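Please read the following report with the sequence and the structure open beside it. The report moves from the contact between the chains to one strand, and ends with some unusual backbone features.

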Amino acid sequence: MIDTIPARPDGRNRLREARSSLYLGAWSLFLIAFAGLGLKGGLEALQKQPISIGGRYATSDSWLAALQIPRPSKSIQDALTQLPPEGAILFVGPGHEPTFILTYYTISVLSWPRKMWALGCGEAGQPPTLFILPQEPLKIEGVLYYLSKPPMWLPGGRAIGPRVTLVRVPETVTWTQYCSQ
Amino acid sequence: MDAILFTIALLTLFTAGFGAVLLIVPRDRSLTVIEMSSLAIVLGAAFVSLASFWLGLFLSGLILRSTLTALCIVMGATGIARKRSAPSILSGGPSGAGAFLLMGILAVQTGLILWLALLLTFGWDGLLIWEFKARLACLHGGVIPIDYFRDLSRYWTKPRYPLFLPLSEAWIYNWLGRCDEGLAKLIFPLLYLAALGFLYIGGSRFGGTWWRGFLPAVLLFFVPLAVVGEGSVSSGYADFPLAVLYLASVIYLLEYWETGDKGALRILGITAAALPWIKQEGIILWLTLGFLTTVKTAQRRSIRLVLPMALPGILVFSGWRVYLALVKVKVGRGFLPFDLTTLWSNLGRSTAIAQAAVIEMMDWKHWSILWPAALLSLILLLVSNHRKDFVVLLLAVTLPITMYSGIFIFSAWAPFMDHLNSSMPRLFLQVSLVALLIVGLAIPNGRHCPEETPST
């Protein structure tokens, strides 16, 4: 759209040619700056990105690496098959733990059609710091403990890995009772 | 076997897209392979996802897949039958050593985008909002079950978000016979290719030379947020696809603005209709395009021409809203009521929002120097007597940005700046390809870049 002046053989238009060259030079510098800064910004951003491990669970396996089990997505899905599809699950763990919410979200995605709620427990004696809970009473079939141990009153569960345990629940109690104190 | 099934899924999508292009484009209009392919990618995905959704109300499983495949083939065949009477539909593309060199650079860049798509995981929303819906459709014979829309334990997956991306991914899943987070990401390099195509078409068509088409396409790779990070092509978010469709729509709007060609208006109507089907914010982009179209048609005293532009979008948007109302989906609480009381009480946020918008645009780690360059380019367009283009391009960028920024006045988050900081870069990404086109149009044509009339 910005048309440059066509070159003419006589010397009278040298000034205009010089302006045109200057203009092109400025644009070349602009392009170099654009590409240089863009490349630098892109490379910096790339270093912060999680790397996919590939396959059908390329992302969820990467995000569930915190569980420290091989093929975590498949392992979780397999473990949850012992619960009825219409049953609800409660995901319990330390609410202050940075990986808590992403681990909950990822397992929730994998656990469909089971409804999955979350309870991020506070420090001992403190109220929960994070929760996604139903507004009305709801029977749950199992509790998935992440980075925490089930309370003594619950029956022993099945360890899916060193950091996560699935416990079948005989009856539903108030939510905060599921936090191990 | 996976490769074959994946290819079939993509081929059927392209077939539908090609058919749609051939049916929409007027017979007397010539298209290059680049324009045709770019349109076919985005319209194919739009067609497959929309048809999956509506057919899915009545069919599922193998019957749904067979019916949709047949529809794609019929669409392609009907388009080809129409093309027979229009021999110029596939005219040539750019040629010459310079063009081939830039094409080589673009090929390398696209290869890197493909590699990044395979190397990196989805971003949060890419998996938890978009791929999750594709997974649901995959597990339920291509249909997202109504139970999902009422599942309060998963309201954070944004059930109200539209289904362009999830049902396009689900189309691949359904052909593979399983969900596959790795393969789903391969859709995005195709959208990147479409973006390159549209940048080339826009730049060369309105700039008058292939040079102005190729440079913005090459520069796209150097916009960091378009390539890596939340919203980018490698993240699996809907923002990049939305940006591609918006760019396409602006190009046809610009053409209509310049020439008054009704064919351009028809293509604009279809590409714009896909915007609210990609993401909720798409309606803001659609309204921007609708406003600019209305202004021009009113100027030309042919206001009735707004209808063919607006009707497809109205049908897509209202159809989805009616469905959401019927399934009684839970309304999120991200925003306060959009009324004058909220506006008045939160007006004090305006200064902070404006400051944040400027700071974001100057963040070279997200944009390189895209926004300052776009501003400078707009000034150059203005002084170079291309005021028609200037007005459209200026408004196509500033109107959505103003509305996007203004929406944070109604944010229910506390503090609202958290909402703004997490969303604003992605919102700006949606119009960034148009900003890149502006930069391309202002690039001068040097002595070593002879003026050629591209056959776009």
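## The contact between chains A and B

In this predicted model, the contact draws 41 residues from chain A and 45 residues from chain B. On the side of chain A that touches chain B, helix 1 (14–47), helix 2 (58–63), helix 4 and strand 2 each supply at least two residues, and helix 1 of chain A gives the most, with 15 residues. The residues on that side of chain A divide into 25 nonpolar, 12 polar and 4 charged.

## Strand 2 of chain A

Strand 2 of chain A, which spans residues 115–121, is mostly covered, with 7 of its 7 residues buried. Both of its faces are covered: on one side A:Lys115, A:Trp117, A:Leu119 and A:Cys121 are buried, and on the other side so are A:Met116, A:Ala118 and A:Gly120.

Strand 2 of chain A pairs with two other strands. It is joined by 7 bridges to strand 1 (residues 88–94) of chain A, and these two strands run parallel; within this pairing, A:Leu119 is the bridge partner of A:Val92. Between strand 1 and strand 2 of chain A the chain crosses through helix 4 (residues 100–110), and this β-α-β crossover is right-handed. A further 3 bridges join strand 2 to strand 3 (residues 130–132) of chain A, and here the strands run antiparallel, with A:Gly120 standing opposite A:Leu130.

## The nonpolar core

The largest nonpolar core has 192 residues, and those with the most contacts inside it are B:Val244, B:Leu247 and B:Val434. Leaving aside residues up to four places away in sequence, B:Leu247 touches B:Ala195, B:Phe198, B:Gly202, B:Leu433, B:Val434 and B:Leu437.

## Unusual backbone features

Most residues other than glycine have a negative phi, and most peptide bonds are trans. The table lists exceptions in this model.

| Residue or bond | Feature | Value |
|---|---|---|
| A:Trp112 to A:Pro113 | cis peptide bond | omega near 10 degrees |
| B:Ala414 to B:Pro415 | cis peptide bond | omega near 0 degrees |
| A:Gln68 | positive phi | about 60 degrees |
| B:Lys328 | positive phi | about 55 degrees |

A:Pro113 lies in the loop between helix 4 and strand 2 of chain A, while B:Pro415 is placed in the loop between helix 21 (387–406) and helix 22 (416–442) of chain B. A:Gln68 belongs to the loop between helix 2 and helix 3 (72–80) of chain A, and B:Lys328 to the loop between helix 16 (306–326) and helix 17 (340–345) of chain B. Are these two residues buried or exposed? A:Gln68 has 11 other C-beta atoms within 10 Å and is exposed, and B:Lys328, with 10 other C-beta atoms within 10 Å, is exposed.

Definitions and conventions
Residues numbered from 1 in each chain as written. Chains lettered and ligands numbered in written order. Predicted model: local features only at pLDDT ≥ 70, side-chain atom pairs only at ≥ 80, totals over all residues. Buried ≥ 20, exposed ≤ 12 C-beta atoms within 10 Å, placed from the backbone. Helix = DSSP H or I, 4+ residues; strand = E, 2+ residues; numbered from the N terminus. Pairing = 2+ DSSP bridges. Right-handed = clockwise from strand over helix to strand, strands pointing away. Core = buried A, V, L, I, M, F, W, Y, C linked by C-beta atoms within 7 Å. Contact = placed C-beta atoms within 7 Å. Nonpolar A, V, L, I, M, F, W, Y, C, P; charged D, E, K, R; others polar.
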